[in-house]
Amino acid sequence: MTPNKEDYLKMIFELGGDTALISNKQIVAGLSVSAASVSEMITKLVEQQYVTHTPYQGIKLTASGQRRAASLVRNHRLWEVFLANDLGYPVDNVHAEAEMLEHATTAEMAERMAKFLGNPKYCPHGGVIPDEDGHYLDQSRVTLSTVPVGAKGHIERIVDEASLIDYVFGLGLHIEDHFEVLAKEDKTITIRQRETGKDLAVDAVRAEHIFVEL
Ligand SMILES: [Zn+2]
């Protein structure tokens, strides 16, 4: 499936493009698409005034892009919470269902769902859920890829993207798990998971989309 405009806005938001400049490369890796597709879509998003693009510096959401992204992220994550908490879906499976449902969600439905769920602040992947006015708690901007050897922390959130979620949960790594970085090589980062005592080899590119708290 080719990611659409809304998927790009959500990805830019998750990568921290609400407050900082992010690169094409980060979007390429996050959405598993070609650099050419990203450039093409960014041009469209600039025309529609959802993002600004400063050559050689990066991409950032405009105020209107941020509002749009926050509302999409909100719809997506409210569904994830509902599916996991109330319909008994395994956390690994909620993303794909939410991906379809978010596009059919009106503001009123999101509002009623938020109330029903007790206004949750986080999705099952640790991502923030913006409120109806588009406000949200600050999200971690430190990626596992930048953590030095010997440092300890816990996993705070992973980018809401299907192949990444499968990859991380497939490793046996979950939100809130504690780790220590044991070694860093070109292609892998080895961490020890405190909960299991296991050593896990995490792909270095994937580690750019895993956010941590130290
Ligand atoms: Zn999520």
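Contact here means heavy atoms within 4.5 Å. Keep that in mind as you click around, and remember that this is a predicted model.

**Stop 1: helix H2.** Select residues 24–31, which make up H2, and colour Ile27, Gly30 and Leu31: these are buried. Now look down the axis of H2. The buried residues fall within an arc of 80 degrees, so they line one face of the helix. In general, an α-helix has 3.6 residues a turn, so residues three or four places apart point the same way. What sits over that face? Show helix H1 (5–14), helix H3 (35–47) and strand E2 (58–61), which are among the elements covering the buried residues of H2. Before you leave, step just past the end of H2 to Ser32, where phi is positive, at about 50 degrees.

**Stop 2: H1 against H3.** Keep those two helices on screen. Their axes come within 11 Å and cross at roughly 90 degrees. H1 and H3 are therefore roughly perpendicular to each other. To see the contact itself, turn on side chains for Lys5, Tyr8, Leu9 and Ile12 on the H1 side, and for Ser37, Val38, Met41, Ile42 and Leu45 on the H3 side.

**Stop 3: the sheet.** Next, bring up the open sheet of 6 strands, in the order E3-E8-E4-E5-E6-E7, with antiparallel pairing. The edges are strand E3 (142–143) and strand E7 (199–203); each has a single partner strand, so one side of each is left without a neighbour in the sheet. Zoom in on E7 and its pairing with strand E6 (residues 188–193), which is antiparallel and runs over 5 bridges. Which residue of E7 is the bridge partner of Thr188? Pick Asp203. Then add helix H7 (residues 162–170), which packs on the sheet and touches strand E4 (152–158), E7 and strand E8 (210–213). The direction of H7 makes about 145 degrees with that of E4.

**Stop 4: the zinc ion.** Finish by centring on the zinc ion. Its protein donors are Glu80 (OE), Cys123 (SG), His125 (ND1) and two OD atoms of Asp160, lying 1.9 to 2.6 Å from the ion. Along the chain, the donors follow the spacing E-x42-C-x1-H-x34-D. Now trace the backbone out from two of them: Cys123 lies in the loop between helix H6 (107–117) and E3, and Asp160 in the loop between E4 and H7, so the pair ties together parts that are 37 residues apart in sequence. Are Cys123 and Asp160 buried or exposed? Switch on the surface to check: Cys123 is buried, and Asp160 is too.

How values were computed. Residues numbered from 1 in each chain as written. Predicted model: local features only at pLDDT ≥ 70, side-chain atom pairs only at ≥ 80, totals over all residues. Heavy atoms only, no water. Buried < 20%, exposed > 50% of the residue type's maximum accessible area, 1.4 Å probe, protein only. Helix = DSSP H or I, 4+ residues; strand = E, 2+ residues; numbered from the N terminus. Arc of directions from axis to C-beta. Pairing = 2+ DSSP bridges. Axes fitted to C-alpha atoms, helices over the stretch in contact; angles between N-to-C directions. Donors = N, O, S within 2.8 Å, 3.2 Å for Na, K, Ca; no water. Parallel < 35°, antiparallel > 145°, perpendicular 65-115°, else oblique.
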